[in-house]
There are 2 protein chains.
Amino acid sequence: MYICRMASIKPSTPKGTRDFSPTEMVRRNFIFDTIKGVFRKYGYQQIETPAMENLSTLMGKYGDEGDKLIFKILNSGDYWGEVESRKSKVENLELNSKNLISIISEKALRYDLTVPFARYVVMHQNEITFPFKRFQVQPVWRADRPQRGRYREFYQCDADVVGSPSLLNEAEFVMIYDEALSKLGLKDFTIKINNRKILGGIAEIIGKPEHIIDLTVAIDKLDKIGLDGVIKELLEKGFEQQDIEKLKPVILLEGSNEAKLNSLRSALSTSVTGLKGCEELETVFNYIANCQLQTADLQLDITLARGLNYYTGAIFEVKTNEVAMGSIGGGGRYDDLTGMFGLKDLTGVGISFGADRIYDVMDELNLFPVDTNQTTKVLICCFDVVGEQYALPLLHSLRKADINAELYPAGAKMKKQLDYANNKHIPYTIVIGSDEMESGLLTFKDMGSGVQEQMSAEVVLARLRT
Amino acid sequence: MYICRMASIKPSTPKGTRDFSPTEMVRRNFIFDTIKGVFRKYGYQQIETPAMENLSTLMGKYGDEGDKLIFKILNSGDYWGEVESRKSKVENLELNSKNLISIISEKALRYDLTVPFARYVVMHQNEITFPFKRFQVQPVWRADRPQRGRYREFYQCDADVVGSPSLLNEAEFVMIYDEALSKLGLKDFTIKINNRKILGGIAEIIGKPEHIIDLTVAIDKLDKIGLDGVIKELLEKGFEQQDIEKLKPVILLEGSNEAKLNSLRSALSTSVTGLKGCEELETVFNYIANCQLQTADLQLDITLARGLNYYTGAIFEVKTNEVAMGSIGGGGRYDDLTGMFGLKDLTGVGISFGADRIYDVMDELNLFPVDTNQTTKVLICCFDVVGEQYALPLLHSLRKADINAELYPAGAKMKKQLDYANNKHIPYTIVIGSDEMESGLLTFKDMGSGVQEQMSAEVVLARLRT
C-alpha cells in the first residue's frame, strides 16, 4: 500500500503549464523589464487585476468558442447543495455540463487582459484621470488544446490608452514597438499598419462588405500566386469582373507608404470612410516622420485585418524578419471598449507584445545578455570552518558594496564548490585556504578565462566593484 | 429588457480580491523590487511555477481545513459526462460536494509557494545544483472568509535553500530580513528567533510534549499577568507543581541572548535535544556577530512556536515595533520538505515576507519614496497642432535621454493638461504657446513649488537629466 502510494505521486505540472527555472526567469525578466521600461518612458502606468473575475464579467465576451475555453472555478463550500436546492424548485432541471456551470461556479480565471481592463476602467472611472495610459503584464489562462508554442497559462503584456482620440497615440505605439524590440536586440523587424476604415472603404466601393476577409486573404497571396492567381481566387469567392477592375489598384498596391496612400486615395475617392482611413494613416506617418525609428520597417499593409469586428481605426502587427515565427505583437484602435459594462463612447487604442514568442526569437538568435545583475557575481570558497570565519568579513564588505556574493558553507570538496559556481554561471570565485589566510593574499579566479591571481581582499573588492 | 440587462452588469471584482491602481503598483513594486534585490545579493535565484497545480499535488498537504480552502478548477469540456459515466459503473454513487470534486476537478489554484516549490525540486532534481537557493514572488489563492487585511488572492514572497544543513543559511536569513526591511525604511523591528529543538528539550524535561503549546502560550503572557498568573494558568492546563519548579528558569528567561542561552543550557542540561538546540542558536548568533545588523533587534524568544509540526530547527518571526501589526515575516528550518513527493532527507530552511502587511506599515509611516523612475517626469503641454509639431522633437530628445516624458495631445484646455500632470504626480511641465515658439524660450514649471521659468529646450533637457 505504501509503495503503491509512493509510485502514484510522481509529481508533474498540469498539461499546458510550465515551471520557469532560474535561467529562464533571468531571461524573462530581461524581456519584461525592458518592455515595462519603455512603456513607462512613454507615460504608461502599471495596474494589476485579480486572476479571478466574476464569471459574468467574462462570459459572452469572447464568442461561444471562447466561453468554452474559460477556466471556471468551482464554488467553495457546499456547491452541490445549491444544485439540490435548484432541483427542488425547478421541475425537470436537466443536469448537464452547460446548465450546471452557472450553479456551481461563479468565478473564472481571466482569459485576456482586455476585458479585465475594461471592467477596471468602468469600476474606477471616478478615480481615473483620462486619457488613461495603462500597462499590464500578467498571466492569462485558456483551456486550449496545448501544442508547441501554445500554453494554457501564458503572460500577456499590454499597453492601452483610453479617452484620447489623438492619433499621436497610434504613432507612439509604433515608436514603443521600435524602441522596445531594438533594446531587446532585434535587428530586422516589420511593423505592419492598416486602418479598419480603409477596409471599410474597399467594402463600400465594391458593395460587398461580407467578402472583405476573402478579399484580404486573396490579396495577401499576391507574392506567391501572382495577379492572375489572385483574380482567379476572387472570382471563385463570388467577386465579379467589374469588382476586379475597381479592386486592381488596391491589389497591386506597392511602393513606399506614401505611394500606397496615394493609390488608395484615388481608388477610394468615392468612399468617405475610405478617405478618412487614408487621412488617419497619413497623420500617423507624419508624427513618426518627426522622429527616427531605430530599427523598425513601418509598412502600410492593407491585408492586415486582425480582429476585424473589434477594431475601428488603426490595426498593428509586428513580425521579425530574422526567424520564421508568427506575429510577435499586435493591436489597434477600438471605439467601444467599455460599452459591454455600460460606459459608452470611450475610445481606446492598444498594443500587445507576444512575450513567449519574443523569448523564442531571442533564444534562437542568442540575444540574451550574459551579464546581468540578477545572478551572483562572486562565490567565496573555503575548506573548513576556520576559512569560513576568515571569509565572513569579506563577504559582508562585498554585499555592503552592493555586489551579489555568496560564501559556500564550509565542509564541501573544492570541486563541488567550483561546480556550483559553474552551474550557477557565477563569473568569479575567491578561494581561501591556509596559504591564503597566512599571506593575506586570496586566490581570485575568473571562471570564464580560467585565469587566477593572488591579491588582497581590498584589491578583490575594488576589482569586483567595476 | 435592455435596461434590465444594463443594470445587471455593474462590474465588480470577486469577494476578497483587489485591483491595484497605478499608485499602488508603484509602491508594491518598490517593496517587491527591494526584497528581490536583497535575495539576489545573497545568491537566491528566482523561479516561477504555474498558478494551477494538479489537485493531487495540493490535497492533503494543508490539513482538512486547508483542503477545503483550496480553489478547485472545474474540468473543461463535458465534465458532467464523466459523472454520468461513473454513476453507470458504481451503484449508489452518492452525489455530494465532496464525492464529486475528484470527478469534476483535476486542477486547483496554488495555496502557498512551499508545496509547489517542493514539487519543483522533486521534478527538476536532476537539473538543480544543490544547495538550491531559490526565491519566488507570486500570488496564492485561498477560499478564506475575507476580512480586513485578509484576502482570497495575495502575494507571497519566499526564499528557501534546500540541500544545505549549514547554519550559515539561518544567519543569512536574519541578515536578509535586516537589510531588506532597513532598505524599505523601517526603523524599529524585532527578529525573533527560536529553535524547535529547544521546545523539544523543554517537553523532554517535563515529560509532557503534548502540552508544549499551552506552555509557550502561558509564558508569552508573563509581561501582562506576571509570574503568579503564568503559574496559575499552567496549573489549570494540567502542569504539576514539580513541573513548575523545573520550568521556572525557562519562564523567567531574560537578559541578553547570551544570558538566555546560558540559563537554557542549565535548565535543559539533561536533554540532548535541548542542548543541541542551544548549540545551533549559538552558532547562528556567532555568524551574525561577525556582521553588524543595521536596524534589527535579534531576540531569542522561546515562546515562538509557529508551525510547530513542520519546523525541525530554527524558527523565525519578524515584528515591527513602530505600528500595531501582526508578524511581517516568518520562517524556519524543516528537515523533510520534499518527502511528500518521494524525495527523502532533503533539509531546507526558508523565510517569507508578508508583503501586504509591510505595505500597510509603510503606508501608515509614510515611508514610500516620492520620486521613483516608475512615473512620468515631465509633461509637455501645448495649445494646438502647431504647438504639438513644435514639441515633438523635444519630446523625442527627452526620451532619447531616457527621461520618462509625455506630450499631451493637442486640443485640450491648459487647465485640463495641468490637472492631468497633478493627478499623475508628474513633477515638471513644459508649456509651449505662441510666445514660446516665437522666442524659443519654453515655460518650465516645477509643479511642486509652483515656480516657473523661461528657458531654451537645451537647458530644459540639461535640467531634467540631473
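# Close-ups of a predicted two-chain model

**View 1. The second largest cavity is lined by residues from both chains.** From chain A come A:L379, A:E406, A:L407, A:Y408, A:P409 and A:Y420, while chain B brings in B:P131, B:K133, B:V161, B:S164, B:N169 and B:E172. Keep in mind, here and in every view below, that this is a predicted model. The space inside comes to about 70 Å³. Two elements, β13 (405–407) of chain A and α8 (168–183) of chain B, each hand over at least two lining residues. Sort the lining by class and you get 7 nonpolar, 2 polar and 3 charged residues.

**View 2. The largest cavity has a volume of about 80 Å³.** Look for A:K133, A:N169, B:E406, B:L407 and B:P409: of the 13 lining residues, these are the closest to the centre of the largest cavity. Two elements give two or more residues to this lining, namely α8 (168–183) of chain A and β13 (405–407) of chain B. Which element gives the largest share of the lining? That's α8(A), with 3 residues. By class, the wall of the largest cavity is made of 8 nonpolar, 2 polar and 3 charged residues. If you want to go hunting for other holes, the structure holds 5 cavities of 30 Å³ or more. How does anyone find such holes? Rolling a probe the size of a water molecule over the atoms shows where empty space is left.

**View 3. The second largest pocket offers about 1,600 Å³ of space.** A:R142, A:F154, A:Q156, A:S352 and A:G354 sit closest to its centre, out of 49 residues that line this pocket. Several elements of chain A supply at least two lining residues each: the helices α2 (22–41), α7 (114–123) and α15 (355–364), plus the strands β6 (153–162), β10 (329–334) and β11 (348–353). The mix of classes in the pocket lining is 18 nonpolar, 14 polar and 17 charged residues.

**View 4. A:F353 and B:F353 touch the most other members of the largest nonpolar core.** That core counts 265 residues. Zoom in on A:F353 and skip its neighbours within four places in sequence; what is left in contact with A:F353 is A:I35, A:F39, A:C157, A:I176, A:Y177, A:A180, A:L181, A:I328, A:G329 and A:I358. Another core, of 14 residues, lies apart from the largest one, and its members include A:A51, B:A51, B:M52 and B:F71. As a bit of background, nonpolar side chains in soluble globular proteins tend to be buried together.

**View 5. Strand β9 of chain A pairs with β7(A) and with β10(A).** Is β9 (residues 314–320) of chain A mostly covered or mostly open? Mostly covered: 6 of its 7 residues are buried. With strand β7 (residues 189–195) of chain A, β9(A) shares 7 bridges, and the two run antiparallel. One such pair to click on is A:I193 and its bridge partner A:F316 in β9(A). β9(A) and β10(A) also run antiparallel, joined by 4 bridges. There, A:V318 has A:G329 in β10(A) as its bridge partner.

**View 6. In chain B, 8 strands form an open sheet with mixed pairing.** Follow the strands across and the order reads β1-β5-β6-β11-β10-β9-β7-β8. Which strands sit at the edges? They are β1 (45–46) and β8 (297–300) of chain B, and each pairs on one side only. Further in, strand β9 (residues 314–320) of chain B runs antiparallel to strand β10 (residues 329–334) of chain B, with 4 bridges between them. B:I315 stands opposite B:G332 in β10(B). In general, the strands of a sheet pair through backbone hydrogen bonds, either parallel or antiparallel.

**View 7. Each chain has a cis peptide bond leading into a proline: A:P131 in chain A and B:P131 in chain B.** From A:F130 to A:P131, omega is near -5°. A:P131 is found in the loop between α7 and β5 (132–141) of chain A. From B:F130 to B:P131, omega is again near -5°. B:P131 belongs to the loop between α7 (114–123) and β5 (132–141) of chain B.

**View 8. A:D345 has a positive phi without being a glycine, and so does B:D345.** Phi of A:D345 is near 60°, and this residue lies in the loop between β10 and β11 of chain A. A:D345 counts as exposed because its relative accessibility is 74%, and exposed means over 50%. B:D345 has a phi of about 60° and is placed in the loop between β10 and β11 (348–353) of chain B. Its 71% relative accessibility is why B:D345 counts as exposed.

Methods. Residues are numbered from 1 along each chain as its sequence is written. Chains are lettered from A and ligands numbered from 1 in the order in which they are written. Side-chain values use heavy atoms; hydrogens and water are left out. A nonpolar core is a set of buried Ala, Val, Leu, Ile, Met, Phe, Trp, Tyr and Cys residues joined through side-chain atoms within 4.5 Å. Buried means under 20% relative accessible area, exposed over 50%, partly exposed in between (1.4 Å probe, protein chains only). Contact means heavy atoms within 4.5 Å. Two strands pair if DSSP finds at least two bridges between them. On a 1 Å grid over the protein atoms alone, a cavity is a set of points where a 1.4 Å probe fits but cannot get out, and a pocket is an open set with protein on both sides within 12 Å along at least five of seven lines; lining residues have an atom within 4 Å of a point. Grid points are joined across faces, edges and corners, and a volume is the space filled by probe spheres set on the points. Ala, Val, Leu, Ile, Met, Phe, Trp, Tyr, Cys and Pro count as nonpolar, Asp, Glu, Lys and Arg as charged, and the others, Gly among them, as polar.
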